[in-house]
Amino acid sequence: MTAQFPEPSPRPVPTEALRASHDDREAVVEQLRDAAAEGRIDFDELDARLERALTAKTHGELALLTADLPPTHSSSAAESLPPLVLKGGISGASRGPGRWEVPGHVVAHGGVGGVSLDFTRVECRLAEVVVEAYGETSGVTVVIPDGWGVDTGGIDPGFGGLTDRTTPDRLPGTPLIRLTGSGGIGGVVVRHPSKRERRKLGTS
């Protein structure tokens, strides 16, 4: 008998329904083990949650397992990191896609070449990351994973403006990107991954 698959839908898939990766599951497993070591959950509950984490299919299933847990102590190490400063200069500058250590404060100057800041493959344990973005001539683009939140209240749009293409459905336990700075001439864009980027991430 031929397996039946649902017809592709033109509507965006809800964030909680996005498929989880091996790295997503491993991050939750690590957080659960830290919580047990701190006495937040007992070992029977740890075993039950670990089993569910290792068999979770979606981001929503994983989020339920850590919704009642605070960020782990590894967040304090990230908070102590010096600010990351990116300057577009003539050739532009970028951080990501890929794994990189996220500090609590990032400063991006678009300059002439522009700056791209991509959080889609990072493992960030911080509750909040301040991104100080100055669009200047060529702009700053910030890409955040589905499920992360963004606060754009601290941005002065300037001539280039602020473009926010993110969705409001932030998942429990995910970071908040707090944008400050100004759009300048080039503007500031914050968005989730594009279709092409999702294909590379294996989420579409």
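**View 1. Contacts of Thr137 with Gly111, Val112, Ile185 and Gly186, leaving aside residues up to four places away in sequence.** The model shown is predicted. Thr137 sits in the loop that runs between strand S5 (128-134) and strand S6 (140-143). One of its contacts, Gly186, is 49 residues away in sequence, yet the C-alpha atoms of Thr137 and Gly186 are 4.8 Å apart. Thr137 has a relative accessibility of 47% and therefore counts as partly exposed.

**View 2. The aromatic pair of Trp100 and Phe119, one of 2 aromatic pairs in the structure.** The ring centres of Trp100 and Phe119 are 5.2 Å apart and the planes meet at 40 degrees, so this pair is classed as tilted. The pair joins distant parts of the chain, with the two positions 19 residues apart in numbering. Trp100 lies in the loop between strand S2 (93-95) and strand S3 (105-109), whereas Phe119 lies in the loop between strand S4 (115-118) and S5. Trp100 and Phe119 are buried.

**View 3. The aromatic pair of Phe119 and Trp148.** This pair is also tilted, with 5.7 Å from centre to centre and 50 degrees between the planes. Distant parts of the chain are again linked: Phe119 belongs to the loop between S4 and S5, and Trp148, 29 residues apart from Phe119, belongs to the loop between S6 and strand S7 (149-156). Phe119 and Trp148 are both buried.

**View 4. The aromatic cluster of Trp100, Phe119 and Trp148.** Ring pairs connect these residues into a cluster. Phe119 pairs with Trp100 and with Trp148.

Notes: Residues are numbered from 1 along each chain as its sequence is written. This is a predicted model: local features need pLDDT of at least 70, side-chain atom pairs count only at pLDDT 80 or more; totals for chains, interfaces and linings use all residues. Side-chain values use heavy atoms; hydrogens and water are left out. Helices (H or I, at least four residues) and strands (E, at least two) are DSSP runs, numbered from the N terminus. Buried means under 20% relative accessible area, exposed over 50%, partly exposed in between (1.4 Å probe, protein chains only). Contact means heavy atoms within 4.5 Å. Rings of Phe, Tyr and Trp (its six-membered ring) pair if their centres lie within 6.5 Å; planes under 30 degrees apart count as stacked, over 60 as edge-to-face and the rest as tilted.
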